[in-house]
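Student: I'd like a close look at one part of this protein. Could you walk me through the sheet and what sits around it, and then a pair of packed helices?

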Amino acid sequence: RALEMGGGHGSGGDAHGIPVAVVVADDDPPGDRTDDVPVAAVASPAPSPKKAPPNSGAPTSTSSAPSPRASPCPEVAELAHLRRLVAKGVPLTVAQAARARRLIAAVVQGPHSSRLADASLDLAAPAKPVWPPPCGVGPTVPIRTRLRLAQELISALQYNHTDALTYFTVNKDRPTCRVMDTARDIIRHGLPIRCVEAVFLAMYLTAGWKEVERIPLRMRSVVVDDEGVERSHAHIVLLIRERALDEGAVEDVLARQSSNGSIDETQGRSKGLPSIRYGALGTSRRDELAYVPFGAPTLSAVLEHYRTGYAKWRHRLVGVKVGLPVEHDPRSPAPVCWRHVAVECGSDWAGAMCTLEAHDARCCGGGVGTARHYDKWRRDGQMWTSDDMRQPRERESGWSG
């Protein structure tokens, strides 16, 4: 809870009356700059002294009783000031975020630790998550409602802003059943999480919902910080794709229609196949980079949503990796395919979306088509390539993140 007040890794600059900073979108280590000057003393003007009323003859006291609303703890007062900045939508600078961490540590270890639950600070521990919710998530509940309830549980855990500290195992190179064990631990302990743990949890919450396929979606962005240095940041969410064809024969349908000249493969969904809805589950420091409501018409629409969110925080989306659908059986020993196709989209957005849409139509529809591509990936370890690519790309090639 220490850093829920804002700021985060990558924001730079010194404290000002109205701090403005570049706030990163993901889990990169922060800078080393710190500032021990109390932020409230810098950002807030000192109150002007009040004139004493004229002497009316009544005896006066040299000391006055403190106001009932005055805080007996200066650290709490300063934290409340930082909280007001965040409530106004002003990101904290690196110096302010570091100061907030020290203030909270001082309050926790001091005699005023109970003040963390004050409404002005909003730093009380969140309620322990409950799953399934009281309303239930059975097959009679619409899939859109179930996905929204899953996202509400992920968001209720809140984002883990602590520096280089995770409370759970984030190793992705494990069998599906071990990843599900981590997801159960997340629900059991109810501690803050980051984007990788949120994907683990989303995979667990949506296991068995055969109406949708769950696909890892990884993104890489770049941003120029206050010092003029371009930095790269990685992010991951769980893409939700409606499983319109139970047998997953999307590839065969597209190939047959393409051979007849009746449909273009990259536009098959809009012309020759049933409408498919998309969404995404996850968490981030910024809401724009987390949840995408289920209902987007294409994969490109989901990625355009994230591209716009990145641009709002002065980031530029330059790379996308998409995996294969995850097993619905939480006890499966099969590994998760976290990356099956990778594209660079910084210079040619339309071309990258065309490649990703073709991969989505051929490999992510579920059933026989998906199983065939998954078995090939496990056998030769190669990533998917479109027909015009001459050389296959190795599974670990491209940018890392």
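Tutor: Here is the sheet, followed by the helix pair and a loop residue beside it in the tour.

A quick word on the ground rules: this is a predicted model, where local features need pLDDT of at least 70, side-chain atom pairs count only at pLDDT 80 or more, and totals for chains, interfaces and linings use all residues. Residues are numbered from 1 along each chain as its sequence is written, and side-chain values use heavy atoms, with hydrogens and water left out.

Now the sheet. Strands of a sheet pair through backbone hydrogen bonds, either parallel or antiparallel. Here six strands make an open sheet, ordered 4-3-2-1-5-6, with antiparallel pairing. (Strands are DSSP runs of E, at least two residues, and helices are runs of H or I, at least four, both numbered from the N terminus; two strands pair if DSSP finds at least two bridges between them.) At the edges you'll find strand 4 (292-296) and strand 6 (341-344), each pairing on one side only. On average, neighbouring strands are turned by 25 degrees against each other, direction ignored. Angles here run from 0 to 180 degrees between N-to-C directions, with axes fitted to C-alpha atoms, for helices over the stretch in contact.

Zoom in on strand 2 (residues 230-242) and strand 3 (residues 278-281): they run antiparallel and are joined by four bridges. Leucine 239, for instance, has alanine 280 of strand 3 as its bridge partner. Helix 10 (residues 349-363) packs on the sheet and touches strand 2, strand 3, strand 5 (316-322) and strand 6. Contact means heavy atoms within 4.5 Å. The direction of helix 10 makes about 170 degrees with that of strand 6.

On to the helix pair. Helix 5 (176-189) and helix 6 (residues 195-205) pack at about 100 degrees, with axes 8 Å apart. That makes the two helices roughly perpendicular, a label for angles of 65 to 115 degrees. Among the contact residues are Val179 and Ile186 of helix 5, and Phe200 and Leu201 of helix 6.

Last, asparagine 171 is in the loop between helix 4 (143-157) and helix 5. With a relative accessible area of 36%, asparagine 171 is partly exposed, because that label covers what falls between buried (under 20%) and exposed (over 50%), using a 1.4 Å probe and protein chains only. Its side chain reaches the backbone nitrogen of aspartate 173 at 3.0 Å. Asparagine 171 and glutamate 197 are 26 residues apart in sequence and 9.7 Å apart in space, C-alpha to C-alpha.

Conventions. A polar contact is a pair of N or O atoms within 3.5 Å; within protein, one must be able to donate a hydrogen and the other to accept it, and residues adjacent in sequence count only if both atoms are side-chain atoms. Angles under 35 degrees count as roughly parallel, over 145 as roughly antiparallel, 65 to 115 as roughly perpendicular and the rest as oblique.
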